[in-house]
Structures are given as structure tokens and as C-alpha cells.
Amino acid sequence: MLSGIRRYLIRKTFVYVLTFFSAVTIDWLIPRLMPGNPISIMMSRFASLPEASKYMYSYFMESFGLDKPLWVQYINFWKAVLHGDLGISTYMYPKPVADIIKDALPYDIAILLPAITLSWIVGNWLGAIAGKNKKLDSFLMPVFYFLTASPYFWFAIVLAYILGAKLDLLPISGAYSYGIMPSLSLEFIVDFLKHWILPFLSLFLVMLGGWAIGMRNMIIYEVEADYVRYLEALGASEKTLMKHAFRNAILPQVTGLALQLGTMVAGALTTEIVFSYPGIGYILMQGILNQDYFLIQGCFLVIVISVLVANFIIDLLYAVIDPRVRFSFTEGE
Amino acid sequence: MKSEKLRIALKNRKFKVGVAIIVFFALFALIGPLVTPFDQLGYYPVKLHKMLLLKRSTPNLPPMSHDVIYAPGREINVTHYLGTDSFGRDLYAQVVYGLRNSLIVGLIGGGIATFVGLTIGFLAGYRGGWTDEILMMITNIMLVIPTMALLIIIAAYMSTRGVIIESIIIGLTAWPWTARAIRAQTLSLKNREFVHLAKLAGLSDLKIIIGEILPNITSYVFMVFILQFGGAILAAIGLDFIGLGPTRGISLGIILQNAVLWNAINLGYWWWAIPPGLIIALFITGLYFVNIGLEEVFNPRLRRE
Amino acid sequence: MRRILGLLLAVLIVSSLGGFAGYAQAEELPRNETLYVGGGLWSPPTNFNPLNPSPVTGTVGLLYETLFTYDPLKDQLKPWLAEEGKWINDNTYEVKLREDLKWQDGKPLTAEDVKFTFEIARKHKGVFFSNIWSWLKEVKVVDDRTVDFVFSDPHYTEWNYWLYMIPIIPKHIWEKIDNPVDYANNENPVGSGMYKLYKTDQMRCIWVRNDNWWGIKYFGKPAPKYIVYVIVYSNNVALTMLVKGDLDWSNFFIPGVPDVKSKYKIVTWYDKPPYHLSANLALLFLNDNKTPFNNPDFRRAIAYAINPKEIAQRASQNQVLPADPSGLLPLPSHQKIKAEDLIKKYGWSYDPEKANEILDKLGYKDVNGDGFREYPDGKPMRFTIIVPYGWTDWMEMARIISDQLAAVGIRVDPKFPDFGKYWDDITKGTFDMAINNFGSFISITPWTFYNWILDPNVAPTGEPTYGGNWGRYKNPEVAELLTEIARTKTLEEAKPLYRKLQEIWLKEVPYIPLIYNGAWYEASPAHWTNWPSEKNPYAYPITWHNYWQLGGALVLLKIKPVTAGGGATTPAKTTESAKGSTTPSPTSKDKGLCGPAALVALSLVPIVLYRRRR
């Protein structure tokens, strides 16, 4: 059995490495298949005399290595990546891509990590309650569905309108006041949290609906499962029953959580736009619109890695936890 | 058997509510355009020697406003059920046509995603081994290639894109989740006794898939489709909002994008920004109700009524 | 298990919040000394290299300075770093620097620095003014305050433009930098200007006043101690901030400003439409290489069919002016050379009948009765007009143009490709019609406009060109005129040449002027007053990159804080305002200790939530 798992692990690792290379290669190739090039678009932002533009165009083509054949660029790309160098952005020239990601990502994490984890916790909790309490369920379930059916940004707009513009309770732009300096003082933290609430809330509520529904359905399913009926017949307390049901229902939710956390590094684009909140989503979109090869491939590399890691963890979890799946992997030995 | 399921379904309150919502909006999208003289972008088309001129109303009118459109040689009285936007375009027309397009995206995008996901998930789950690994690898690659990038490159080659293209792209990028789910279902099914029995009986793979496994997950597939339907609509509205939607035609996401770009909220033109999102949220809620209703029908254990 | 999860969460939240705690002290910028500006920054600030063509706005003007500035309202070149500049002979321009110029690090700014700035462009082709060296021969230091520019082929007119565009950089710093083109220059950059770079982050760029600025004795001291240049992604947010008084000075195009202007007392240049000064010209580009656009009469027919007034009104909410046929901006530098008589004689105005007449005469008739004209050989005629997707006002313009042309039987489908595709099409000349305005900005000489739009050195169709002659209009006479104008010494000398250019423009109709895009400017009187406007026209109030030296910097010198306590002129007031802020005071340290405690408390919430479920 153990050797089966080891073999399974080796095979998985191999497949994951292969996936990684193919995905990164495709992501590298995609922007380069578009007509035009990043330097050309760079020129569109330079209001200068035609002659000056001509000089700069040839200079930048050469300095970014875009005058070389595609395969040379591809080799150079991997060489640089292996040295931890993601290149320089053309859109935010001359900032290195790695720095762009490093500077922007914390904001996404500050919003998304709490939004995902808290909505997961609260959603599962509410979902479990709805699952065992029929009266509450008939009232809560439509709310959950409505939340999860709303587009994030529309919900954000509505929140910004009511709480921000109409009632003037909370600020609706930026990550903190434009006039305050970041520090670990109470004042700044309060300011930061004030700005954080609306974007957080808009994501939290919409996500909450999804988790709650997943949990609710799972609990109902488990509560009605044969073994629970059996335990019930044996006279187990309701608390014990729920504990069992909950334990079984939580597994798929953990999977979902891992996957959500894996995609976190892609940012929360629409939320960022509505609240002018800094983050990687908006920068990546601008990178794409500006055909910034280096920024695109750098961001994609990070996304690919994190999604794959999340998937890998789930695969491992499944192999360890679910005996049916494990049997399927090791069958025929 | 079928009619009995239907009977149970019709008794299920969630199913009924869901169907009512869906039918209502579907009819609205179908019939709604008939009761407005405006075109899908909210302009009033006027014929002049066989040519169409696009006329505009007064900008920023609140819902149920009456206005006069001046066409060559005549004056036309119009009513704006949902008001007008900052370009004097009728919002009711934009919303009904936008909803129609959203439904198209949902059907085509959701359909493609379900079909592709189903096929791949089945194959991967049933065949196992290297087939499984390779298919799952493709699935994973698809998962990690952002939809946005694909949209842009395709857009670059097409110079403009319509709703159909958008739905195809969404469909072709949304299937991996379904594939994973179906694979997991197939994995657990194929180790059940009846499949082993069928194998022992020497039935071919295809026959086992069609005869033994498929019937066991038909209901599941249908529910997956409903979820993909809603998912495709939400994906499309998000893409539209960030400016990567159809470059011709209208959609609810585009209306919302314009509303935000042109300050509808701050200027108090709520009729521009609220209805499109509300309609989408309600419609998808309806879809979910049908989904859960069906689940209860097919899976008696879930029934609570 | 749950407790571990909760703890993990707590750690995660603390660390995600703690990520920002790069600074030790709490500090809030005093409102009455801080100016909030927006509209010229669209991504987190990274690039403060003045040799680069698009650094963060303020790099040139606030941080680095040019020899001269240019006032587009009065059409004057004004000395800034220079005391004066003049041609001492036909090939030599001599600049005399002001006395006591100094860099922000206290070192003197001398003629050597000026020479160095130009020399660096000779060595590095990526510097945005390196092309000057095709007609500049050498830069000679005469004495500490005097520099001579010796030209091999003096472009007198063009030189005037560069005089206020080229920022002078300190030799003692830049000579140590290996590749000055790729240098981001974002750590304590040293310039000579009235502001120093204070801090940057993902949302803003903060400048702090240089209290040792050399210019105080010449120009006075700018009132705002801090300038916070904000990044705002949506109009929505910009408008909210403006009406709340959180944004003092906006250079965004904000839809709806006319509607809320009086309610919130928002200052715009004019109180009535078009509200804004003009900044550049949006034109309808025709592909002059393609039939039937290669026929000037056909182009003229299109010009007659287009009604710029309707475009200005419907697409831009009357916040812009419709363009006249010459396309010359309603600002003195362009107006001075405008030949009204030629416009009357050869120009056009909206007249669909006339358009029909020309088209009929050319043989483009509706033969099959579908309402649209066909080519003389009977083939259907159908064009597209392209505008980048998401540029909603331009998209609306394209639709209106399509309608207006349909009214004379020309079928034009508006198409909205993504910007990359749009840019590819116009730079390569693979389009029918397009709207664009990129190089038509106001400058000291209309030559820059003509040189952009009629650029004779275009690449052939299919290869990219970066002048503005997207439709590849070719006319040897124009090429000659442009070279000549660049070399004229005085306006009087240039005027007849400009007349000839205008005559060609009006007769040939290479492209069709649509509207004058605005120099978007909205100011809030909540915290700062004495904003420039039509009634108080002391400066061109724009803060975009390369516009500070056109007037933006002057605004800083003239605005005044609203509250009596504010203001930068007396040191006593600074202490007063410090009360409102939390800058290094003992209390803020206590607060600093409270911070982590609050975080820990906050992170307990999920744990509590978890326990309650049991």
C-alpha cells in the first residue's frame, strides 16, 4: 500500500511538472501571438515628435531583446526565470516585474485572504445551521442563493452607493486615506480598516452565499445518510450526530477553500476597479491591454505555480483520506 | 418513473419558484423587445430613404418618462420604461436585449462547458491511468490559463467580437471544474458492484459508460448544466464590466460598465446601475432554485417537505 | 484542530496587515497644507527618470526643471532656469542661467550640468530628445552660467519647443549611472525643482516642498507643503472625491460635472459650456492610400457630411468645442497663424446637400436602391471606422459619424477593437477611418502639430509609423514646407509658409478635424482658493506629464489655503497645523503600541466565532 502511494506521488509530481511547463509555455506564447508588440504600444503613450519616437522604438526593441527570433526569446525567458528574474515591465517601465508583483500582491491578500477564509468559516457555520434547522433554512437559503448569484462588482457598486455615497459612513476609494502614512499606529489601522471594510464586505458576502449553500446541502445529505439513521436508532445524541455529519461534509469544502486560496494571487479585478483599490488584478489587466509580455508572463507564472500547488495539495489529501479513490489509483497491483 | 419524478418536481416548492423566475425572465427576454421601438443599444431607428438613422432622446431621464423624438418631418412620442442613460439611449431596450444576450451566453457557454467537461471527466475517470493523467493535465493547464488572456488574443484576430464568440470562449474555458466533478463521480461509480459485474460480463467500455454509468448521473449532469449556465452568465458579465465583452451589441455587463464610467451612481441615476445587476442576480437565483429543487427530486434524501 | 485553524488565521491576518508596516511612525499630512491632485497618474508610480518620455507626472516641472517654460494662454516662452536665451549668431544659441541655481542636495546647478544633459542624449539613443543631435553640433560651456549651443543645421522653430521640454539633470549624480535610460531613479532623486519626491506607494505619489528652492527669491514659495498625486481608476471615485472636497485639483474628464458644478461650487475654466480650455484636437483619419479616400473630392464630401457640433454636444456632453476646418486649436499659438480668409475660401461646414452633390458628381450613386451609394463600377461601398473599445465618448463619436455619413449614403460600420489592435491598425495604416488625437497637443509652435499629422517620413502601409500621419498622406510640397518652417527664425518668416500649409490642408482635406478635446480641469474650493479660471486666467491649469511647465507649476505658486491657519509663508503657522497631525509626538508612540494589540484583538474574532459553533 505504501509503495503504491509512493508510486502515485512520483507519477503525480511528474505530471505536475509537465503541466507547469506546458502552462507557462502557453502563457508565454499567447501574448506574442497578438499583432503588434509592447514597444509599439509603449510608443502610443509617448507624446513626442515623430523623429524622436523612431529613435526610441529601435532602442527599446533592442534593449528588451524583442528584435531576436522567437525561440531565442523563449530560451532567454527560461534562463531568466531560473535565475529568479522576471524581466522588466514595459507598461510600468522600468520597474522589474517581480517588484510590481511584490508591491501589489499584499493588498489583494489583505482583502482576499480574510474574505475567503472568513466567508468560508461563517458560510459553513450558517450553512450547517440552515442544514439542521428547517425553519431557518426556508428563510436563509434564498438569501444565500441571492448572494452567490450576484456579480461581485454589482454588489460592490450597491454597497458603495448605499454605505459610501448615500449614508457617507465609509470611504469608497483606496486602501487608506490619501493623506495618511502607513504605520503600525492605531490611527492608521483604523483608517486602513475603514477602507478595507467595503471591498472586503462585497467579496465576503458574495462568497459566503456559495460556501453556505455547499455546506447546507452537504449536511442535509449527511444527516439523511444511512449511517446517521443507524446512529440515531442506536440513540446517539443530536450533538454527536451533527458532529459526524459535519466532519464528513467539511471535506469537499476544504477542497474548495484550497482552490480558492490558490487563485487568490490573480487578484480581485472588478473589486479593485470599483473601489480604486490597489492590487495585482488591475495591473495585470493593464499589462494585457498594453501587451506587456514581461508583466503578463510574470504574473501568469505566479498564478500557475500557486494554482498548481493548491491542486497538488488537494490531490494528496484525497489520496490519503478517501479510501475509494485510493483504491482506484492503486488497483491492479 | 419519469412522470412520477415530474409529479414530485411539480410539488417541490423550490423547483416551482425557480421555474417561475426563469420562465418570467426568459419570456421577458423573448417578448420584451417587441414592446419597445428602440434598438438594442437604445437608439430610436428612423428610416430616411431606406437608410436607418439612430435618434437619441433627452439624456438621464428617470424611469417612465415621456419624451419626444424629432425625426425628419415628424415628431414621435416615446416612453422610457427604465429611463435613459447619459447619451439619451433607452435603458429598457438595452436591458431586455442585454438579458437576451446574457441568456444566449448562458446557454451556449454553459452547454459547451458541460459537454466538454462531461466528455473529458468521463474518459479520465473511467479509463484511469495515463489517460486520466493526460486529460487531467490538460484540465489543469486550462484551469491556470486565465480566460482574459485568451479573450484578448482571440479578439485581436477578430478585430471585433460578438456574443457568440464570447460564449464559445467562456464555454471553452469553464469546463475544467465540471470535468473534475464528473471524473470524481465516475471514479466512485466505477468501483460500485454493478460496474464490476458489467465488466465481468464482458461488456465494452462504451456500453458500460452509456448503459451503466450515464443513467446514474444524468440528473447530476443536468444540474451541472444549470450551474454552468449561471456560471457562464456571471463570467460574461464580469468580462463585460472590465471592457472585454462583445465589442458590438449590448449586454448587462456593458450597461453596468457604462453606468460606472459615466458616474451614474454619483449623479443619482440609479436606474442605470441597479436594474441590470438585480435582474442577473434574480435570474441566477432562479437557476439555483431549480437546481436544488431537482436535487431534492432525484435524491429523496434531500427532501425537506 | 479548530483552535489551530483559528490561530493560523490570526497569524495570517496579522501578517497581512503587518505587511504595510514599513514605517515606524504615524503621520497624517496636515489637510490645510496638502494639495490633492489627480488625473495624470494611471498606474503605481515607479519611474522618475526625466530622460524617459513618460515618467511619473511631476518628474519634469516639480522635480526637474527646464530652461524655459511656456505659457499657452499668452503664447510666451518664459525663462525658468535660464535668465535669458538668444541667438548670438546664425548657428549659436546662448543660454544664460540664473544666479544661485542649486540642486536639492545643495550643490550648484551650472552650465556643466546643462552640457551634460545634452551629451547624455548623444550617447544614449533611448533618451527622448536624442534626435536633436542630427542637427546639433556641440554644446559649449562658456562660463559657469553660460552655455552655447552650436548647431550644424539650426531648426530655430523646433528648438523653441525643446527649450521648454528638456529637463536639466545633475551631472554629479548621473555621471555615475551606467545606463541612464533604464534607470528608474525612484530613490531620493535629486532635482532642482520646487518639490522633492517624498513617498510613493500603490495609490499615490507624494511630493514635499523644497524649502531651499533656488526659485523662492524669483517666484515666491509654493503654498502647499505636500502634493498628493492620487491614482484613481474610475470617474465615479474621482467625482465623489471632488464633491466631498477630498480631491482639490482634478484633471480627469468627469462626466456629469456640468450637472453638479453649481451645487458643489466646483471651479472649471469657463462657467458655461465648454467648461474647459482646449488641449488637443481629435480628428477623423481617412486612409488616404486607399480608394476612394485617395480622392480629395471624396474626402471633401465626407467633411461636408460631418457635423462636429452634434458630436461635441452628444458624445462629450458639451464639455468640448467643435473643431473648425483648419483644426487649429483655439489658443493663441495656433490662432496667430490661422488664415480665416483661406478657411472662408476653401473651407467647409456641415452641409449634407453639398456632400450629396459632390458624391453624385464623382459617380458614387445609389444604383441598387438600398439607400447606400455604390462605386462607379457598381460594386458596393462599405467602410469601417475604428475607435478603441471602452473609450466610450469616442465610441459614441464613431456612431454619430456613421449616422451622419449614412445620411449622405455612405455606409460606415463603427468597430471597436481593443486598444492594441486599434493601435496596430492605425500605426500600420490598415484601416478605413479612425479617430485619433495623440500628437496634436498644444505647443509653442503649430509646427509640432503639422509635423505630427502630415509627417512626411511615414513607413509604407503594413509597417508601423509613429508620427501622426496614419493615413499616409503624401505631398512633396508639404514635406518641403515642414522642413522650411522648422528652420524659420521668426513667426513673420513662418507665416507665409503656414498659409501655404493651410491652403493645402483645406484644399486637399487629408483628415477631418472633429472636436477640440478639453484640458480637463475641475477644482474644489473647499480647501484651496484662488484657482485659475476664465476670470482669473493666470495659468493653464494642467498637471499631466509635460504640462507642469505649461502652467501647472504656476498654479502651485498662486493658490492659497482656505483656513487661516494654513499656508506656508510663515513658519508660525506650520507649528499650529502640526497640532492637527500626529507627526512625531510622544502620544503617537503610545498609539503605536496600541496597534498590534488591536490587531491581536481583531484576529481573535474568528476564533471566538469558531468556538461558538460548538
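# Interfaces between chains and domains

Between domain 1 and domain 2 of chain B, no salt bridge is found across the interface. The model is predicted, and the account below covers this domain interface, the contacts of chain C with chains B and A, and strand pairing in chain C.

## Areas buried at the interfaces

| Parts in contact | Buried area | Share on carbon and sulfur atoms |
|---|---|---|
| Domain 1 and domain 2 of chain B | about 1200 Å² | 64% |
| Chain C and chain B | about 2700 Å² | 51% |
| Chain A and chain C | about 7000 Å² | 68% |

## The two domains of chain B

Domain 1 of chain B is made of two segments, 2-34 and 93-302, while domain 2 covers 37-89. The C-alpha centres of these two domains of chain B are 35 Å apart. At their interface, 14 residues of domain 1 of chain B touch 16 residues of domain 2 of chain B. On the domain 1 side, the greatest losses of area to domain 2 of chain B fall on B:Gln94, B:Trp271 and B:Trp272, which together account for 42% of what that side buries.

Although the interface between domain 1 and domain 2 of chain B has zero salt bridges, four residue pairs are in polar contact between these domains, both residues of each pair having pLDDT 80 or more. Two helices of chain B, helix 3 (91-127) and helix 10 (270-298), each contribute at least two residues to the side of domain 1 that touches domain 2. Helix 3 of chain B gives the most to this side, with five residues. Sorted by class, the same side of domain 1 of chain B holds 10 nonpolar and four polar residues, and no charged ones.

## Chain C against chain B

The contact between these chains involves 34 residues from chain C and 33 residues from chain B. Three residues, C:Asn236, C:Tyr389 and C:Asp403, supply 21% of the area that chain C buries against chain B, more than any other three residues. Three salt bridges cross the interface of chain C and chain B, and seven residue pairs are in polar contact there, both residues at pLDDT 80 or more. The side of chain C that touches chain B draws two or more residues from each of helix 6 (235-244), helix 7 (257-260), helix 9 (308-315) and helix 13 of chain C. Helix 13 of chain C gives the most to this side, seven residues. The class division on the side of chain C is 13 nonpolar, 11 polar and 10 charged residues.

C:Asp403 also takes part in a salt bridge with B:Arg56, with 3.8 Å between the closest N and O atoms. Because C:Asp403 belongs to helix 13 (residues 392-406) of chain C and B:Arg56 to the loop between strand 2 (51-55) and strand 3 (65-71) of chain B, this pair joins two chains. Over all chains, the structure holds 44 salt bridges.

## Chain A against chain C

Here 71 residues of chain A meet 83 residues of chain C. In chain A, A:Leu49, A:Tyr178 and A:Met181 lose the most area to chain C, together 12% of what that side buries. The interface of chain A and chain C has one salt bridge. A:Asp168 and C:Lys244 form a salt bridge through their side chains, at 3.0 Å from N to O. Polar contacts between chain A and chain C link 16 residue pairs, both residues at pLDDT 80 or more.

Among the elements that give two or more residues to the side of chain A that touches chain C are helix 5 (97-132), helix 8 (186-223) and strand 1 (180-181) of chain A. Helix 5 of chain A provides the largest share of that side, 14 residues. By class, this side of chain A consists of 47 nonpolar, 16 polar and eight charged residues.

Strand pairing also connects the two chains: strand 1 of chain A pairs with strand 1 (residues 27-28) of chain C in the antiparallel sense, over two bridges. In this arrangement A:Met181 stands opposite C:Glu27 in strand 1 of chain C.

## A sheet in chain C

Six strands of chain C form an open sheet with mixed pairing, in the order 11-12-13-2-14-21. Its edges are strand 11 (195-201) and strand 21 (522-523) of chain C, each of which pairs on one side only. Within the sheet, strand 2 (residues 34-38) and strand 14 (residues 249-250) of chain C pair in the parallel sense over two bridges. C:Val37 lies opposite C:Trp249 of strand 14 of chain C.

How values were computed
Residues numbered from 1 in each chain as written. Chains lettered and ligands numbered in written order. Predicted model: local features only at pLDDT ≥ 70, side-chain atom pairs only at ≥ 80, totals over all residues. Heavy atoms only, no water. Domains from an automatic or database assignment. Contact = heavy atoms within 4.5 Å. Buried area = accessible area lost by both parts, 1.4 Å probe. Salt bridge = Lys/Arg side-chain N within 4 Å of Asp/Glu carboxyl O. Polar contact = N/O pair within 3.5 Å; in protein donor to acceptor, adjacent residues only side chain to side chain. Helix = DSSP H or I, 4+ residues; strand = E, 2+ residues; numbered from the N terminus. Nonpolar A, V, L, I, M, F, W, Y, C, P; charged D, E, K, R; others polar. Pairing = 2+ DSSP bridges.
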